[in-house]
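Welcome! Here is a friendly briefing to help you find your way around this structure. Have a look at the sequence and the model first, and then read on.

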Amino acid sequence: MTTQQQHGNQGNKGYALITGASSGIGAIYADRLARRGYNLILVDRRADRLQELAARIAAETGREVETVVADLGDRASLVRVETLLRSDARITMLVNNAGVASLLPALAADVDEMSGLIALNVDALTRLSYAAAPGFVARGNGTIVNIASVVAIAPEMLNGVYGASKAYVLAFSRSLHSELADKGVRVQVVLPGATATDIWPNAGKKLEELPKEIVMTTDAMVDAALAGLDQGEFATIPALPETADWTRFEEARQALMPNLSRAEPAARYRTAA
């Protein structure tokens with residue numbers, strides 16, 4: 001029996017395009033989605049690692065695996081991936097995983113590096129989502145998974161620009177979810193805590209320096225995120241023990257909304273005549 005036959009009972013769910021796919025969270029998504037019946041388009045700037053991963057997954061699962069070497073921080077490369085998302089009707093899922101972190105406080109961070117962080121974490125994710133969404137809506141089917149971070153709701157934990165970029169991902173995903181839910185398009189935002197990827201050493205901190213009790217493996221993180229997707233969650237926080245805590249957080253936000261815009265200032269802001 002061939003590998004394709006062994007996995008044939010998973011069916012063909014179309015193609016999942018995954019950014020930042022050559023290692024870490026993206027590579028695990030590639031493995032898991034292939035085993036769930038997706039063919040893959042893997043996007044990353046590191047050609048050698050990308051090809052190695054693609055060959056392994058294709059051999060193990062029998063799925064078709066295509067690669068696109070692209071640095072999403074470069075506009076020309078980003079436009080190539082946007083064009084692919086707009087034109088390739090085989091694509092049924094987009095996983096916006098590519099991103100960069102910073103651990104530096106504001107006074108120690110280089111502002112040009114922060115601009116680069118925003119370009120990848122915010123601009124690229126937005127443009128790729130905008131490229132994918134119209135086709136998904138036209139076909140009445142599609143899934144967008146945006147990888148945020150718990151710093152989206154706890155920006156004090158790390159660099160403020162990084163936290164703000166992930167807060168953008170959460171807010172943007174919430175808006176997309178609201179707009180597209182009745183058009184057959186799923187939107188999920190995933191908020192991992194500390195995860196054992198090279199994002200830490202790339203940002204200047206060794207994984208060994210982090211408390212072991214707060215660091216989740218990439219396998220566990222992605223498996224939890226996919227379980228959340230299966231359960232129909234909009235927001236998945238893999239480490240959060242009680243979903244009721246998120247529900248209360250969301251209810252408190254909703255409770256604010258009727259009073260956020262009114263004709264008169266609140267009484268405490270009114271000065272005496």
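Let's start inside: helix α5 (residues 111-139) gives the most to the lining of the largest cavity, with four residues. Please keep in mind that this is a predicted model. The points below go through the cavity, the pockets and one helix in turn.

**The enclosed cavity**
- The structure holds one cavity of 30 Å³ or more.
- The volume of the largest cavity is about 30 Å³.
- Its walls are made by Thr19, Leu72, Asn96, Asn97, Ala98, Leu120, Ala124, Leu125 and Leu128.
- Sorted by class, this cavity lining has six nonpolar residues, three polar ones and no charged ones.

**The largest pocket**
- The largest pocket offers about 1,200 Å³ of space.
- Several elements give two or more residues to the lining of this pocket, namely α2, β2 (39-44), α5, α6 (160-180) and α7 (199-202).
- In total 48 residues line the largest pocket, and those nearest its centre are Gly99, Val100, Ala101, Thr197 and Ile199.
- The lining of the largest pocket divides into 29 nonpolar, twelve polar and seven charged residues.

**The second largest pocket**
- For the second largest pocket, the volume is about 260 Å³.
- Two or more residues of its lining come from each of α8 (218-230), β7 (235-236) and α9 (243-256).
- This pocket is lined by 14 residues, and Glu233, Ala235, Thr236, Ile237 and Thr243 lie nearest its centre.
- Eight nonpolar residues, five polar residues and one charged residue make up the lining of the second largest pocket.

**Helix α2, one of the contributors to the largest pocket**
- Does the span of helix α2 (residues 24-35) agree or disagree with what its twelve residues should give? At 1.5 Å a residue they should span 16 Å, and the end C-alpha atoms are 17 Å apart, which agrees.
- Ten of the twelve residues of α2 are buried, so this helix is largely enclosed by the rest of the structure.
- The buried residues of α2 are Ile25, Gly26, Ala27, Ile28, Tyr29, Ala30, Asp31, Arg32, Leu33 and Ala34.
- Following α2 comes Gly37, which has a positive phi, near 110°.

Technical notes:
Residues are numbered from 1 along each chain as its sequence is written. This is a predicted model: local features need pLDDT of at least 70, side-chain atom pairs count only at pLDDT 80 or more; totals for chains, interfaces and linings use all residues. Side-chain values use heavy atoms; hydrogens and water are left out. On a 1 Å grid over the protein atoms alone, a cavity is a set of points where a 1.4 Å probe fits but cannot get out, and a pocket is an open set with protein on both sides within 12 Å along at least five of seven lines; lining residues have an atom within 4 Å of a point. Grid points are joined across faces, edges and corners, and a volume is the space filled by probe spheres set on the points. Ala, Val, Leu, Ile, Met, Phe, Trp, Tyr, Cys and Pro count as nonpolar, Asp, Glu, Lys and Arg as charged, and the others, Gly among them, as polar. The expected span of a helix is 1.5 Å times one less than its number of residues. Buried means under 20% relative accessible area, exposed over 50%, partly exposed in between (1.4 Å probe, protein chains only).
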